[in-house]
Amino acid sequence: MEFDPKWLAWEITRRCNLNCVHCRSSSELEAKEHPDFSFDEAKRILDDIASYASPVVVLSGGEPLLRDDVFEIAAYGTGKGLRMCLATNGTLVNEQVCRRLKEAGIRMVSLSLDGADATVHDNFRNQPGAFDGTINAARLFKEHDIPFLINSSFTKRNQAEIPKVYRLAKELGAKAWYMFMIVPTGRGEDIMAELISPEEYEELLEWHYQMEKQEDDLLVRPTCAPHYYRVVRQKAKEEGEKFQQRTLQFSTGGSKGCLAGQLIALIDVDGNVLPCSYFPLAAGNLRQQSFKDVWENSQLFKEMRDFKGYRGRCGSCEYVNVCGGCRARAYAVSGDYLAEEPFCSHQPLKLAAGK
Ligand code: SF4
Ligand code: SF4
């Protein structure tokens, strides 16, 4: 596997206008201690990235549309040849925002939708009106011909909504729908008890497999469910089928389950480079180092790319090269990011055979 940076999420602000139950970063108090960086710093970071690689760069947050210069940052990245995208909760999108996103060369926008109606979504987002904001944004993006995808986060609280949210994403005209079982980190730790159990997680991945086989329009893939890559192979073998997964666009998903620190990373508002949005340890910092230096020399990234060093069931697993387990979940549950993925039910063949 080549470890080139293909997809970067960039937290351009930690400020947010919502207060979601699962959010990794958006507490108002915390945002005061992590202020937005200047436009000059934004340009320096984009210059630095573009001098080394040409990844998709997703402007995210917090809520990135709270920054007045978000369009200038996007346009600067576009001018550098980077494929600029935006992740928004949708509530601040209007006609003018759509026009400016287009002018800035934004290639794809991702929206969050965690329920098929206002009651469920607004409860998850802790904000009355959040659902209407997302639906309105989807309608505007469609009118302005701005491609968008929908990310949906699930816990026990809203897991019954999964098939309905999938159908709604289709109706809204999204290019892709990515379902995500939340990873406990930041404020998410408080809802450890709300997480979907490994057994139910397995059932949901099997449901997704059956759905994905029949879906030939919308791009679909469970996000950060690395063991889906195992489930797909096991199910296809059981059913005697050859199942070719479609290539995703502008997303973290690819040929392998977990890509943290391997093809993807997160740059936070303080310049820290982290393996992904849910992994709380930094590989380096762009205020002291170049992106190339962090990407090529970080000890953390080297360890995450060395699958032979993984421990527990993942370390013995025949699927480690296509799955890898979620390193952030391993860290959240055991304190060891190389430990086994705690939300996978698979018993590797080697262990089953007592080797
Ligand atoms: S044991 Fe680990 S590597 Fe194997 S399928 Fe489960 S999560 Fe993936
Ligand atoms: S560590 Fe977990 S949350 Fe991060 S990219 Fe990998 S699967 Fe996703």
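1. D117 sits in the loop that runs between β4 (108-112) and α5. The model is predicted. D117 counts as exposed because only 12 C-beta neighbours fall inside 10 Å, and 12 or fewer is the limit for that class. F131 is 14 residues away in sequence, yet the C-alpha to C-alpha separation of D117 and F131 is 7.0 Å.

2. Helix α5 comes next, spanning residues 118-125. Which of its residues are buried? They are H121, F124 and R125. These residues lie on the same side of α5, because their arc around the axis is only 95 degrees. An α-helix has 3.6 residues a turn, so residues three or four places apart point the same way. The cover over the buried residues of α5 includes α6 (130-143). Just after α5, N126 has a positive phi of about 55 degrees.

3. R125 deserves a separate look. This residue belongs to helix α5. Is R125 buried or exposed? R125 counts as buried, because 26 C-beta neighbours lie inside 10 Å; the threshold is 20 or more. Setting aside neighbours within four places in sequence, the contacts of R125 are L18, C20, D114 and A130. For a long-range distance to check, take R125 and E296: their C-alpha atoms are 37 Å apart, with the two positions 171 residues apart along the chain.

4. E161 is another charged residue to inspect. E161 is placed in the loop between β5 and α7. With 20 C-beta neighbours inside 10 Å, E161 counts as buried. That count sits right at the cut-off, because 20 or more is what burial requires. Beyond residues up to four places away in sequence, E161 touches G115, A116 and V120. E161 and S316 are 155 residues apart along the chain, and their C-alpha atoms are separated by 35 Å.

5. Helix α7 covers residues 162-172, with V165, Y166, L168 and A169 buried. Why do these four count as being on the same side of α7? Because they cover an arc of only 165 degrees around the axis. The face turned away from this buried side carries the exposed residues P163 and E171. What do the buried residues of α7 pack against? Their partners are β5 (148-154), β6 (176-181) and α8 (198-214). G173, just after α7, takes a positive phi of about 90 degrees.

6. W177 links this region to the core. Not counting residues up to four places away in sequence, W177 touches L149, I150, S152, Y166, A169, L218 and V220. Y166 and A169 are among the buried residues of α7. W177 is also one of the residues with the most contacts inside the largest nonpolar core, along with L8, V57, V58, L59 and V109. That core has 101 residues. In soluble globular proteins, nonpolar side chains tend to be buried together.

7. Helix α9 runs over residues 228-238. Its buried residues are Y228, Y229, R230, V231 and V232. They pack against α8. The buried residues of α7 pack against α8 as well. G240 follows α9 and has a positive phi, near 65 degrees.

8. Two ligand sites need checking. How many residues surround ligand 1? The answer is 16, and the closest are C314, C317, C323, G325 and C344. By class, this shell holds eight nonpolar, four polar and four charged residues. Ligand 2 has 13 residues around it, with C224, C258, A260, C276 and C326 coming nearest. The shell of ligand 2 divides into eleven nonpolar, no polar and two charged residues. Cysteine counts as nonpolar in these tallies.

9. Overall dimensions come last. The chain has 14 helices and ten strands. Its radius of gyration is 19 Å, which agrees with the value near 20 Å that a compact globule of 355 residues would have. Along the principal axes, the C-alpha atoms fill a box of roughly 60 × 45 × 40 Å. As for burial, 48% of the 355 residues count as buried. Of the contacts between residues at least 6 apart in sequence, 70% join residues at least 24 apart.

Terms used: Residues are numbered from 1 along each chain as its sequence is written. Chains are lettered from A and ligands numbered from 1 in the order in which they are written. This is a predicted model: local features need pLDDT of at least 70, side-chain atom pairs count only at pLDDT 80 or more; totals for chains, interfaces and linings use all residues. Helices (H or I, at least four residues) and strands (E, at least two) are DSSP runs, numbered from the N terminus. The radius of gyration is taken over C-alpha atoms; the globule rule is 2.2 Å times the number of residues to the power 0.38. Two residues are in contact if their C-beta atoms, placed from the backbone, lie within 7 Å. A residue is near a molecule or strand if its C-beta atom, placed from the backbone, lies within 6 Å of it. A nonpolar core is a set of buried Ala, Val, Leu, Ile, Met, Phe, Trp, Tyr and Cys residues joined through C-beta atoms within 7 Å. The arc is that of the directions from the helix axis to the C-beta atoms.
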